[in-house]
Amino acid sequence: MRENARVTSSDRRDYQELVDEISELLGAPATLENRNFELIAFGAYDSEGDLDPSALDPVRTRSILTRRSTSAVRHWFEGFGITRATGPVRIPRTPEAGVYRGRICLPVRHRGVVLGYVWLLDYDPGPTEQQLAAAMLVTGRIGALLADEAQHGADLTRELRAVLTAEPGWPRDMAVAELRTALGVRADGPHTVVCVAPWPSADPDNAPSVRTLPGARALCAIPWGGGTSHALKAVGDTQQSLVLLVGLRSTDTLTPAVSAATRLLERAAAPGPPGGAGRTTAGSARGGAGAGAGQAARPEGGAGGTGAGSGGAAQDAATGRDGGPGRSTGGGSHGGVAAGIAAARTGLAGLGTAWAEASAAARAALAEPRLGPVAQWAAIGPYRLLTSLPPEAAHDPALHALLSPAHRELARTAEVYLDCAGQAGRTAAELGIHRQTLYYRLSRVEQLTGLDLDDGEDRLLLHMALKAARL
């Protein structure tokens with residue numbers, strides 16, 4: 001194994017080349033997954049006797065597209081002993097489990113620890129023992145790469161966390177310098193920060209692998225609210241966020257960050273521990289299984305890879321909006337989890353600011369469903385200002401009575417009215433009420449707050465305070 005190596009794009013090409021080599025050796029397309037069912041690479045093998053696509057498991061395509069399989073798939077295939085195997089394991093076809101073709105699993109190990117799996121669909125007459133032995137030698141080279149990258153990923157996790165948790169000034173400057181050294185030339189390229197919050201686990205083993213996320217450089221879990229701004233501290237240190245440093249091709253597009261954020265949201269919303277053990281720890285007894293992401297089906301007979309369910313709160317029948325001021329609904333998130341993406345930058349000097357932007361965008365997506373589940377800092381409008389305010393700013397004395405549970409309907413009416421720029425007809429239509437009912441409610445809002453809705457500054461105060469109450 002290479003010593004003191006840093007994982008680069010060439011390492012990722014190495015995985016593809018090694019999988020292609022196995023495909024050629026065995027005369028069948030092979031798939032490489034890490035031990036947590038996350039797809040790393042898959043090979044295409046062209047021949048006149050290629051497999052009939054109609055005979056393939058429907059989950060093969062889905063797994064390649066989603067790059068992962070469900071925990072049910074994992075447990076089902078682990079039942080065949082693949083976590084303990086040191087040689088090829090043949091798994092019979094089981095139509096009732098959705099496995100329409102048999103599998104051959106080649107465990108990928110390094111120093112006795114299983115780090116991943118190479119999967120191929122079994123065929124007749126199948127590979128010879130000599131072919132399988134040659135393929136197993138290739139899996140040893142894959143294992144060395146995986147072990148090397150796992151160690152590298154752990155190092156960058158520590159360095160990224162140090163940057164995000166360090167106090168401004170020289171402590172953060174030193175942490176940034178260490179991260180810059182670890183990243184090498186990539187440190188000077190364009191990048192952004194993604195924040196997924198609240199992340200369900202503080203356990204680093206429950207984070208996904210950096211390798212499976214587009215453009216990922218490093219990730220870590222830190223307390224959500226562990227930053228230095230008042231707005232971040234308002235969230236509370238008991239919750240966790242998952243922070244991802246994403247490399248970009250240019251500062252003009254955030255596509256890799258959006259893809260990574262979407263994948264993390266799906267992982268957070270999936271049943272069971274979020275993401276599984278994303279990093280490899282020496283001596284781990286769990287092993288994990290790749291169900292040939294795409295080559296394995298769920299025991300229930302469904303597709304491998306769970307589509308993330310959007311966990312939205314029930315919409316208010318009158319307004320069509322999720323929740324209201326001061327009511328946390330998570331309506332725009334996946335199961336009450338949202339993602340924020342900072343503005344793109346070049347170099348690492350502004351990493352602390354980028355983290356604050358990403359965290360603020362995630363808070364905005366949780367507070368305002370229409371912004372989520374993935375919100376970009378540049379697109380959250382007034383929440384760029386609101387998320388930077390101290391928590392007491394959301395509790396203006398004029399709104400104390402209006403924001404009580406007894407007047408939730410009035411608060412919602414006021415917010416819709418202000419969102420509609422004070423247009424009564426538009427507001428009444430959106431709320432599904434008569435104009436006279438709207439006028440009555442607005443007069444009650446004025447009575448409760450002492451504000452004049454014909455006064456621009458009073459309107460501004462009311463509107464900002466209602467939005468701040470969502471946070």
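**Entry 1: Leu386**

Which helix does Leu386 lie in? I looked it up, and Leu386 lies in helix α9. Helices here are DSSP runs of H or I with at least four residues, strands are runs of E with at least two, and both are numbered from the N terminus. A note to myself: this is a predicted model, where local features need pLDDT of at least 70, side-chain atom pairs count only at pLDDT 80 or more, and totals for chains, interfaces and linings use all residues. Residues are numbered from 1 along each chain as its sequence is written, and side-chain values use heavy atoms, with hydrogens and water left out.

Is Leu386 buried or exposed? Leu386 counts as buried because its relative accessibility is 5%. The cut-offs, with a 1.4 Å probe and protein chains only: buried is under 20% relative accessible area, exposed is over 50%, and partly exposed is in between. I then checked the company Leu386 keeps, skipping neighbours within four places in sequence, and found contacts (heavy atoms within 4.5 Å) with Met464, Lys467, Ala468 and Leu471. Leu386 and Ala469 are 83 residues apart along the chain, yet their C-alpha atoms are separated by 9.7 Å.

**Entry 2: the whole chain**

I counted up the protein chain next: 13 helices and eleven strands. It has 471 residues, and 53% of them count as buried. Looking at contacts between residues at least 6 apart in sequence, I got 72% joining residues at least 24 apart.

**Entry 3: the cores**

I looked for nonpolar cores, meaning sets of buried Ala, Val, Leu, Ile, Met, Phe, Trp, Tyr and Cys residues joined through side-chain atoms within 4.5 Å. The largest one has 39 residues, and Leu160, Leu179, Val193 and Ile380 have the most contacts inside it. Several elements supply at least two residues each, including α4 (129-165), α5 (170-183) and β6 (190-199). Helix α8 gives the most to this core, with ten residues. Apart from this core lies another, of 25 residues, among them Ile104 and Leu120.

I also checked Ile380: leaving aside neighbours within four places in sequence, it touches Ala360, Ala361, Ala364, Leu371 and Ala375.

**Entry 4: helix α5**

Which residues of α5 are buried? I found Arg172, Ala175, Val176, Leu179, Ala182 and Leu183. They line one face of the helix, because seen down the axis they fall within an arc of 120° (the arc of the directions from the helix axis to the C-beta atoms). On the other side of α5, Trp170, Asp173 and Thr181 are exposed. Just after α5, Gly184 takes a positive phi of about 70°.

**Entry 5: salt bridges**

How many salt bridges does the structure hold? I got twelve, where a salt bridge is a side-chain nitrogen of Lys or Arg within 4 Å of a carboxyl oxygen of Asp or Glu. Arg141 and Glu21 form one, at 3.2 Å from N to O. This pair links helix α4 with helix α1 (residues 9-26), 120 residues apart. Arg141 counts as partly exposed because its relative accessibility is 43%, and Glu21 is partly exposed too, at 30%.

In another pair, Arg345 meets Glu357, with the closest N and O atoms 3.0 Å apart. Arg345 sits in strand β10 (residues 345-346) and Glu357 in helix α8. Arg345 is buried at 19% relative accessibility, and Glu357 is buried at 10%.

Last thing I noted: Glu368, Arg370, Glu415, Asp419, Lys467 and Arg470 are linked in a network of salt bridges.
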